[in-house]
Amino acid sequence: MRDAAIEQAILALLAERAPGKTICPSEVARALAQDNDAQWRPMMPAVRSAADRLASEGRLQVLQSGHAVASAVQAVGPIRLARPSPPSAT
């Protein structure tokens, strides 16, 4: 699976959600693997890597327990992906 296809799938799933809602990286892997259990689990590292790239570009946020974390790859345990928070007005 190409990195660009994974990134595109992440952004497409986020676009389908209401503002403020998140997606699970496994949703991306399942969508790309067409819910094939044998194929989606091995895709998880690539999905997390793609999430990190998009986060570094400011195109999404990686959340754990509702708080932003620096890396989807380094996070231990479940994470969620969200649209970036709008800049706060000061």
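Helices (H or I, at least four residues) and strands (E, at least two) are DSSP runs, numbered from the N terminus. I'm putting that at the top of my notebook.

**Ground rules**

I'm looking at a predicted model, where local features need pLDDT of at least 70, side-chain atom pairs count only at pLDDT 80 or more, and totals for chains, interfaces and linings use all residues. Residues are numbered from 1 along each chain as its sequence is written, and side-chain values use heavy atoms, with hydrogens and water left out.

**Entry 1: Arg17**

I started in the loop between helix 1 and strand 1, where Arg17 lies. Is Arg17 buried or exposed? I found neither extreme: Arg17 counts as partly exposed at 28% relative accessibility. On this scale buried means under 20% relative accessible area, exposed over 50%, and partly exposed in between (1.4 Å probe, protein chains only).

Next I looked up what Arg17 touches. Leaving aside neighbours within four places in sequence, Arg17 is in contact with Thr22, Ile23, Glu27, Arg80 and Arg83; contact means heavy atoms within 4.5 Å. With Glu27 there is also a side-chain to side-chain polar contact of 2.4 Å. A polar contact is a pair of N or O atoms within 3.5 Å; within protein, one must be able to donate a hydrogen and the other to accept it, and residues adjacent in sequence count only if both atoms are side-chain atoms.

I also checked a pair that sits far apart along the chain: Arg17 and Ala82 are 65 residues apart there, with 9.4 Å between their C-alpha atoms.

**Entry 2: helix 1 against helix 2**

Glu27 turned up again here. Helix 1 (residues 3-16) and helix 2 (residues 25-32) have axes that come within 10 Å and cross at roughly 115°. The axes are lines fitted to C-alpha atoms, for helices over the stretch in contact, and angles run from 0 to 180 degrees between N-to-C directions.

Which residues make the contact? From helix 1 I noted Ala5, Ile6, Ala9, Ile10 and Leu13, and from helix 2 Glu27, Val28 and Leu32. Sorted by class, that gives 7 nonpolar, no polar and 1 charged residues. For the classes, Ala, Val, Leu, Ile, Met, Phe, Trp, Tyr, Cys and Pro count as nonpolar, Asp, Glu, Lys and Arg as charged, and the others, Gly among them, as polar.

**Entry 3: the sheet**

I moved on to the strands. In what order do the 4 strands of the open sheet run? I read off 1-4-2-3, with antiparallel pairing. Strand 1 (22-23) and strand 3 are the edge strands, since each pairs on one side only. Two strands pair if DSSP finds at least two bridges between them. A reminder to myself: strands of a sheet pair through backbone hydrogen bonds, either parallel or antiparallel.

Strand 2 (residues 61-64) pairs with strand 3 over 2 bridges. I found Gln64 bridged to His67 and Leu63 bridged to Ala68. Towards strand 4, strand 2 has 3 bridges, again antiparallel, and Val62 stands opposite Leu81 there.

**Entry 4: the turn at Ser65**

Strand 2 and strand 3 make a hairpin with 2 residues between them. Ser65 lies in that loop and has a positive phi, near 55°, though not a glycine. I wrote this one down because most residues other than glycine have a negative phi. Ser65 is exposed, at 70% relative accessible area.

**Entry 5: Ser71 and Ala75**

Both sit in the loop between strand 3 and strand 4. Ser71 counts as buried at 12% relative accessibility. Its side chain reaches the backbone nitrogen of Gln74 at 3.0 Å. Beyond neighbours within four places in sequence, Ser71 is in contact with Asp52 and Val62.

Ala75 is buried too, with a relative accessible area of 13%. Outside that same four-place window, Ala75 is in contact with Arg48, Gln64 and Val69.

**Entry 6: Ala55**

Last stop: Ala55, in helix 3 (residues 37-56). At 26% relative accessibility, Ala55 counts as partly exposed. Not counting residues up to four places away, Ala55 touches Leu60 and Val62, so Val62 goes on my list for Ala55 as well as for Ser71. I compared Ala55 with Met44 too: the two are 11 residues apart in sequence and 16 Å apart in space, C-alpha to C-alpha.
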